[in-house]
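Trainee: I would like to practise reading features from a structure. Could you take me through one, step by step?

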Amino acid sequence: MSENGLAEARQLIDQIDREMSALFEQRMSAVEQVIAYKQAHGLPILDSGREREVLEKNAARLANPAYRDYYLDFMKEIMTLSKQYQQVLAGADAVAYPGVEGSYSQIAMGRLFPRSRGVAYTTFGDVVQAVARGETAFGVIPFENSYTGEVGMTMDLLYQYDVHIVRMYDLPVSHHLLGVKGASLGDIRQIYSHEQALSQCRRYLSGLKAEQIPYVNTALAARYVSEAGDPAKAAIASRETAGLYGLEILAEEINTSSENTTRFAVIARQAPASGERFSLLFTVSHTAGQLAGAMQIIARYGFNMESIRSRSVYNVPWQYYFYVEIAGDAASPEAQAMLEELRQSCEKLKLLGVYDE
């Protein structure tokens, strides 16, 4: 390409960019109309079914198939910005998370909602209740870990309160042992962290002669160690937390599994209408064959269960509830028929979540 050809191509790009900026403004103006309608009719901001429809429709308009994947990424980013703007317009940009700044939940929240206002709560239960009461539009809480499994407290809270999972997000987690300035490993006598973090670092901790003390949250544990100023105390938390609270990293990446990942659930009061996956919580009568019957109903409608777990019902001896994650769209006619039959068969049934990830 000649220099003149390069200059002409750049001029064309500049012209297209000017047109795109005007079109972007028009699109965001249309978004304002959409959110006004959703608010007036009580509709959720998230609508995965509509998003998939828009992506497929627009991708089909491309003349050059080589651009398809790039165009889909481009459109997904625009739609993400659109949802973030809708949340601001709806006053739904407050997102609850447990702990304080620097906690893994806060880190996950920041990546999921970069333009939203984070609101810190002390416990997982506080976050779920804040969402259930409408104090915040969303909440971000740990759901399960690749090494230690499900977070039982989260599952119990989701069973108890009228909230729904609207998204799942996987966050790679690296734990570090943090101490006050000047402390050494030989000084440490007490180690504070959330019980999940302690469990995820069990192999490393077995080599230390230090008391392991469960704490409400990893970042709160780090803050406590910082405020105590005692070289005999240490915390297990993130690298970001060390910088926030002026602590030194005494040992890096001490989690037992190098692939340590925590899956976070984004919760809201209302589930999306459709998605690629959905999850259920249900109970059955304590008689032979009831659970098998529920599983057969799911299978008969052609759905694949990706996960099934059981948890004991709090304060009800020998009673259990079951969690099932299913691949498929909860809005499909087959899913709706299956849910109706499950309602007739189960003592309690909750459509816990609808999401794509």
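Mentor: Gladly! Keep in mind that this is a predicted model. Let's begin with a cysteine: Cys-346 is buried, since its relative accessible area is 8%, and the cut-off for buried is under 20%.

Trainee: And what does Cys-201 count as, buried or exposed?

Mentor: Cys-201 counts as buried, because its relative accessibility is 0%.

Trainee: With cysteines in view, how many disulfides does the count come to?

Mentor: The general idea first: a disulfide is a covalent bond between the sulfur atoms of two cysteines. The rule used here asks for a pair of cysteine sulfur atoms within 2.5 Å. By that rule, the count is 0 disulfides.

Trainee: Which residue could I relate to Cys-201 in space?

Mentor: Try Leu-177, which sits 24 residues from Cys-201 along the chain, with 9.8 Å between their C-alpha atoms. Leu-177 belongs to strand 6, residues 176–179. Leu-177 is buried, because its relative accessible area is 0%.

Trainee: Let's turn to a whole element. How many residues of helix 4 are buried?

Mentor: Helix 4 spans residues 104–112 and is mostly covered, with 7 of its 9 residues buried. The buried ones are Tyr-104, Ser-105, Gln-106, Ile-107, Ala-108, Met-109 and Leu-112.

Trainee: What about empty space inside? How many cavities of 30 Å³ or more does a search of the whole structure find?

Mentor: A cavity is a place where a probe fits but cannot get out. The search of the whole structure finds 1 cavity of 30 Å³ or more. The largest cavity holds about 240 Å³ of space. Its lining has 19 residues, and those closest to the centre are Tyr-104, Pro-142, His-194, Gln-196 and Thr-218. Helix 4 is among the elements that give two or more residues to this lining, together with strand 3 (138–145), helix 7 (195–200) and strand 11 (261–268). Tyr-104 thus links two of our topics: it is one of the buried residues of helix 4, and one of those closest to the cavity's centre.

Trainee: Now for the outside. Which residues form a nonpolar patch on the surface?

Mentor: Leu-12, Ile-16, Met-20 and Phe-74 do, with about 340 Å² of accessible area together. Helix 1, residues 3–41, gives the most to the patch, with 3 residues.

Trainee: How should I read spacing along a helix?

Mentor: An α-helix has 3.6 residues a turn, so residues three or four places apart point the same way. As for one patch member, Met-20 is found in helix 1. Met-20 counts as partly exposed because its relative accessibility is 38%.

Key. Residues numbered from 1 in each chain as written. Predicted model: local features only at pLDDT ≥ 70, side-chain atom pairs only at ≥ 80, totals over all residues. Heavy atoms only, no water. Patch = residues over 30% accessible without salt bridge, like charges linked within 9 Å, V, L, I, M, F, W, Y side chains within 5 Å. Areas by Shrake-Rupley, 256 points an atom, 1.4 Å probe, with all protein chains shown as cover. Salt bridge = Lys/Arg side-chain N within 4 Å of Asp/Glu carboxyl O. Helix = DSSP H or I, 4+ residues; strand = E, 2+ residues; numbered from the N terminus. Buried < 20%, exposed > 50% of the residue type's maximum accessible area, 1.4 Å probe, protein only. 1 Å grid on protein atoms, 1.4 Å probe; cavity = no way out; pocket = protein on both sides within 12 Å on 5 of 7 lines; lining within 4 Å. Points joined across faces, edges and corners; volume = space filled by probe spheres on them.
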